[in-house]
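Hi,

Here is the structure I promised to pass on. Have a look at it first, and my notes on what turned up follow below.

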Amino acid sequence: SGRVSLSGSGSTDDSRWPRQNSLSMKEWDIPYDELKLFEVIGTGRFGTVYRGSWHGAVAVKLLHVNALSDHSVPLDTFKHEVATFRKTRHENLVLFMGACMKPPRLAIVTSLCKGMTLFTHIHLRKDKFTNNKSVIVAQQISQGMGYLHARGIVHKDLKTKNIFLENGKVVITDFGLFSVTKLCFGNNARGDSLGIPPGWLCYLAPEVVRALRPHASLHLPFSKATDVYAFGTVWYELLCGEYPFKGQPPEAIIWQVGKGVKQSLANMQASRDIKDILMLCWSYRSSERPDFPHLLSTLEKLPRKRLARSPSHPVHLSRSADS
Ligand code: ATP
């Protein structure tokens, strides 16, 4: 009866907001007036993030919803995603503190991440990660992602911009918020017709790329396996310091990924095991991609560069003695 369905064709409508949840939601409702907003940290595709204060330092993501005519649609989606968010408690996931849910004020309040994102480390500062360090970071990402998946949550937007490094500890942000944020984006008529922001495409699995249509990003087939594909790209960035398909136009990337062509690893300085992880995560068929517990055990088994050697493997001093 003219109601907008967000669940896509063919799915049942029990994804609608369940009654008992709307009561317990109150617990997570933060009155907008209680928030203090300080400077803007950054503006993303869908919202502006402020440094703020609410019982201490927080990050407040204010969603851009002003362009929407029908507030009830994003509010339902938003509440649903907040409900997902509040179920998360893990070392490697940003701490969700609450949300403002009175349109037009829709905001997510999380702990404030210290440190920098992997994106900043890799692409702006050009910091080099040794293989050992990359493995440690990848293990922590796998732990956080494995937890999310075990709770039935698909991240949908795993990328180095959404991974912080705080004193060596990985903190993943922005999980599960893709639909509502995409919804806002779809309405503001910016960007190209496919709504492809730079640096997004190389995280999209073939089945997602093949489903790209103008203004239809809400129905993209994200899954646990598409998160694993995105993890593969993060792993590549950690190891190579750049994006796969670097410098290629979106159409070329879409064409290649859609057909199952992968970034070549021929010039990459890494062991077979390390490259195998990449190739598995980037498998064309989603069923062939490993899950995060499997990735974690593979990463744990990678041979580390030995720092201390046993007497049976004497250290050859010749190189360091050269100078
Ligand atoms: P996109 O919108 O394409 O995802 P983005 O990740 O840069 O891009 P946002 O997620 O809106 O956009 O983040 C905007 C800025 O706020 C980024 O610089 C991000 O690093 C920062 N930020 C987001 N969450 C936090 C947080 N919890 N603590 C500190 N900074 C944060």
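**What surrounds the ligand**

Sorted by class, the shell around the ligand comes to 7 nonpolar, 7 polar and 6 charged residues. Do keep in mind as you read on that this is a predicted model.

Which residues come nearest? Out of the 20 residues around the ligand, those are Arg45, Lys61, Ser111, Cys113 and Lys159.

Lys61 also turns up among the polar contacts: an N or O atom in its side chain is 3.0 Å from an oxygen atom of the ligand. Asp174 has a polar side-chain atom 3.1 Å from a ligand oxygen, and for Asn162 the corresponding distance to an oxygen atom of the ligand is 3.4 Å. As for how much of the ligand is covered, it has 610 Å² of accessible area on its own, and the protein covers 85% of that.

Where does the ligand sit? You'll find it in the largest pocket. The elements giving two or more residues to the shell are strand 1 (36-43), strand 2 (47-53), strand 3 (57-63) and strand 5 (105-111).

**Salt bridges**

Side chains of opposite charge can pair when their charged atoms come close. In this model there are 9 salt bridges. One of them joins Arg51 and Glu39, with the closest N and O atoms 2.8 Å apart. This pair links distant parts of the chain, since Arg51 belongs to strand 2 and Glu39 to strand 1, 12 residues apart. Both of those strands are also on the list of elements that give two or more residues to the ligand shell.

Cheers

Notes: Residues numbered from 1 in each chain as written. Predicted model: local features only at pLDDT ≥ 70, side-chain atom pairs only at ≥ 80, totals over all residues. Heavy atoms only, no water. Near = heavy atom within 4 Å. Polar contact = N/O pair within 3.5 Å; in protein donor to acceptor, adjacent residues only side chain to side chain. Areas by Shrake-Rupley, 256 points an atom, 1.4 Å probe, with all protein chains shown as cover. 1 Å grid on protein atoms, 1.4 Å probe; cavity = no way out; pocket = protein on both sides within 12 Å on 5 of 7 lines; lining within 4 Å. Sits in = over half its atoms within 2 Å of the grid points. Helix = DSSP H or I, 4+ residues; strand = E, 2+ residues; numbered from the N terminus. Nonpolar A, V, L, I, M, F, W, Y, C, P; charged D, E, K, R; others polar. Salt bridge = Lys/Arg side-chain N within 4 Å of Asp/Glu carboxyl O.
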